[in-house]
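Me: Could you take a close look at the buried interior of this model with me? I'd like to know which side chains make it up, and what sits around it in the way of rings, cysteines and unusual backbone.

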Amino acid sequence: MSTRIERRFKSLQDENRAGLVTFLTAGDPNPEVGFDILKGLPAAGADIIEIGVPFSDPMADGPAIQASSLRAIKAGMNLAKVLESVRDFRKIDDVTPIVLMGYFNPIYIYGVDKFLSDAKAAGVDGFIVVDLPPEEETEFCLPAREAGLNFIYLTAPTTDERRLPRVVKHASGFVYFVSITGITGTFAASASDVEGHVARIKKFTHLPVCVGFGIRTREQAAEIARIADGAVVGSVLVDIVAANVDLPSLPEKVFELVRCLADGVRLAR
Amino acid sequence: MSKPNTFRAGVDEDGHFGIYGGRYVAETLMPLILDVEKAYDIARADDSFWSEFNDLMKHYVGRPSPLYFAKRLTEHLGGAKVYFKRDELNHTGAHKINNTVGQILLARRMGKTRIIAETGAGQHGVATATVCALFGLPCIVYMGETDVERQAPNVFRMKLLGAEVRPVTSGTGTLKDAMNEALRDWVSNVEDTFYIIGTVAGPHPYPTLVRDFQSIIGEEVREQIQEAEGRLPDILVACLGGGSNAMGLFHPFLDDEGVRIIGVEAAGLGLDTDKHCASLTGGKPGVLHGNRTYLLQTSEGQIIDGHSISAGLDYPGIGPEHAWLKDTGRVEYVSATDSEALEAFQLCTRLEGIIPALEPSHALAYVAKVVPAMEKETLLVMNMCGRGDKDIFTVAKHLGVEMKGE
Ligand SMILES: Cc1ncc(COP(=O)(O)O)c(C=O)c1O
């Protein structure tokens, strides 16, 4: 049985192109508009959707994503509502993979077992939990895998060749390469650096490798799409939300940028 | 829960105390944390590391700190004999320096050339800036912007010592955000930077190494009380922010069954309000800043800011070893309110001529409450972990006194 993520990468491979992975925080700027944005992402060109689960203390994220989390929490977003919006999304789209990305505490408080069964029932495909490295995988990552969901492991420039096999050992879906030693929304790595890292990761896994942190423009997205299986774009989309919180046409502004990034990715090879 | 053979075994190989502790950090940091662990394992087994540490403890920090029989307070309370462990007499005025000396020695062994720290009250920031001056290393201290205002004297002290103080406005601009910001700095400067964490919290191995450096407090007390009374104490009391001064006093006594051990948290305006900082007595287990422990949080797992009159206690978490000691029942955890602490602050100042920091004033408030009902032969040791010079403006404000020149 394959997952939506696996099927999506198969079809991307058939098209001989990389995927565009978008990240936005759930419920930002509020649950209603957040859902309008979510609904429209596939048509705008998102191949895989990462939904940020708001957390008060996102220690690996920069000010933009932290502020988006706080906006969403203030507007009443929580983990149960994130699952609800995935359920609603699945009524209109049963193919675009959805990955929930966040920190462990809200999941831990929700209850790991209940969360896994609720997430699966809602139509979630995978998880990125920033503060669960392989050393802490037994409680959630491995059970997620057993439940038939993908747990996506992060690798970083600091993950050396001795450590890589350990990190990708239980990975499924794809491997996420955090391309800079830094927080989200700061700077971009050089393409040649990224290329070397991606090649190194591929020595240890057959899974697709997506690259994120620091991609803000169509050109950068294209560059990454030439050398990796997916380009993850987050902070720049979150910035658009932040700058247009009260604008009725906010979703359209987001889609405009997504279309532009998707163009870059599609024309890269 | 079944009783373990020893309460001093420390963490398992993955850095857990029971279900608490661990290494809940982003992958970028994980290799660094493994490096710190490896370096510390080598250092702790190396006599030359400890002889350098002990030499600085003696000649720079001024240890051992006295164990002082508080005669007038004892007479006033009319119960147990009260001793103070005088860590407020340390260089820089608190126990925090024990830890920063240990960590900077480790940082130097690792060849790190840049030091970062978080601080709430500013005591840990000052202690870090101090050892950085001593060893000529650049020092950056993250401090919530509200604390920068509240603790102006310590901010100036850090600057005089050559540190850069970076006010933190992200999140809610408090101690927890200062810690987030320090972690972000570390992720961004992995090559040259060492993060000196100020309490027994954070990812493994920090809770262990900070506890080891602070254990000098309890080790000295064991010897000193034997000398003074010919036996071990009956009761130990210390205040808890992140839990480092308490762990330093408690740890050497954990396997002495006859010693009752009590930690005092900050109850702020009261545990029945939402303005307190009692993670163990008023929070529940969760994951933050690299470890699982008791946290102040909402029913949805969002972290809540703590409140306390003392800036050194208002951290929404607590060291994971304390969480474990609570669940095993080895240590009792209680709390004292802002106003109880203020009263104890004044009592101690008048009766003993010792101006305590507001943090140990919480421990003292509990002592003042329970000692009168105790037998006169009972021996109680309280950790006087900091002096109150830094707090006189806060106290004046609460007593309705206006001070000029600040
Ligand atoms: C004097 C003093 N005591 C206690 C604390 C709280 O920390 P811990 O519980 O780690 O000892 C602080 C923190 O700033 C402090 O300055």
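Reply: Happy to: what follows starts with the nonpolar cores and then goes through the rings, the cysteines, some buried residues and the backbone.

Please keep in mind throughout that this is a predicted model.

The cores come first. The largest nonpolar core has 118 residues. Those with the most contacts inside this core are Tyr176(A), Val101(B), Trp186(B), Tyr195(B) and Phe250(B), so the list draws on chain A and on chain B. Trp186(B) is a good residue to centre your view on. Setting aside neighbours within four places in sequence, Trp186(B) is in contact with Leu29(B), Leu32(B), Ile33(B), Val36(B) and Ile116(B). Further contacts of Trp186(B) are Thr193(B), Phe194(B), Tyr195(B) and Tyr206(B), and Tyr195(B) is itself one of the residues with the most contacts inside the core. Another core, of 74 residues, lies apart from the largest one. Among its members are Ala26(A), Ile37(A), Ile224(A) and Ala225(A).

Now the rings. Over all chains the count comes to 25 aromatic pairs. One of them joins Phe151(A) and Tyr153(A), edge-to-face, with 5.1 Å from centre to centre and 70 degrees between the planes. Phe151(A) and Tyr153(A) are buried. These two rings also belong to an aromatic cluster, together with Phe104(A), Tyr108(A), Tyr110(A), Phe115(A), Phe127(A), Phe140(A) and Tyr24(B). If you colour by chain, look for Tyr24(B), a chain B member of that cluster.

Another pair is found in chain B, between Tyr68(B) and Phe84(B). Their ring centres are 6.4 Å apart and their planes meet at 45 degrees, so this pair is tilted. Tyr68(B) lies in strand S3 (residues 67-69) and Phe84(B) in strand S4 (residues 81-85) of chain B, so the pair ties together parts that are 16 residues apart in sequence. What about burial here? Tyr68(B) has a relative accessible area of 27% and is therefore partly exposed, whereas Phe84(B), at 0%, counts as buried.

Two rings in chain B have a charge over them. The charged end of Lys81(B) sits over the ring of Phe69(B), 5.0 Å from its centre. Likewise, the charged end of Lys326(B) sits over the ring of Tyr294(B), 5.5 Å from the ring centre.

Next, the cysteines. The structure holds zero disulfides over all chains. For Cys141(A), the nearest cysteine sulfur belongs to Cys210(A) and is 18 Å away. Cys141(A) is buried, with a relative accessible area of 0%. For Cys132(B), the nearest cysteine sulfur is that of Cys139(B), 3.8 Å away. Why does this not count as a disulfide? The two sulfur atoms would have to be within 2.5 Å, and 3.8 Å is outside that cut-off. Cys132(B) is buried too, at 2% relative accessible area.

Two other buried residues of chain B deserve a look. Asp147(B) is found in helix H6 (residues 145-150) of chain B, and at 1% relative accessibility Asp147(B) counts as buried. Its side chain is joined to that of Arg150(B) by a polar contact of 2.8 Å. Leaving aside neighbours within four places in sequence, Asp147(B) is in contact with Gly120(B), Leu175(B) and Ala311(B).

Gly301(B) lies in the loop between strand S12 (290-295) and helix H13 (320-328) of chain B. Gly301(B) is buried, with a relative accessible area of 0%. Not counting residues up to four places away in sequence, Gly301(B) touches Phe55(A), Asn105(A), Pro106(A) and Ile109(A). Gly301(B) and Gly286(B), 15 residues apart in sequence, are 7.5 Å apart in space, C-alpha to C-alpha.

Finally, the backbone. The peptide bond from Arg63(B) to Pro64(B) is cis, with omega near 0 degrees; Pro64(B) has its place in the loop between helix H2 (47-61) and S3 of chain B. The bond from His204(B) to Pro205(B) is cis as well, with omega near 15 degrees, and Pro205(B) is in the loop between strand S8 (193-196) and helix H9 (206-214) of chain B.

His289(B) has a positive phi of about 50 degrees although it is not a glycine. His289(B) sits in the loop between strand S11 (284-288) and S12 of chain B and is buried, with a relative accessible area of 3%. In chain A, Asn16(A) has a positive phi near 50 degrees, in the loop between helix H1 (4-14) and strand S1 (19-25).

Technical notes
Residues numbered from 1 in each chain as written. Chains lettered and ligands numbered in written order. Predicted model: local features only at pLDDT ≥ 70, side-chain atom pairs only at ≥ 80, totals over all residues. Heavy atoms only, no water. Core = buried A, V, L, I, M, F, W, Y, C linked by side-chain atoms within 4.5 Å. Buried < 20%, exposed > 50% of the residue type's maximum accessible area, 1.4 Å probe, protein only. Contact = heavy atoms within 4.5 Å. Phe/Tyr/Trp six-rings, centres within 6.5 Å; stacked < 30°, edge-to-face > 60°. Helix = DSSP H or I, 4+ residues; strand = E, 2+ residues; numbered from the N terminus. Lys NZ or Arg CZ within 6 Å of the ring centre and 35° of its normal. Polar contact = N/O pair within 3.5 Å; in protein donor to acceptor, adjacent residues only side chain to side chain.
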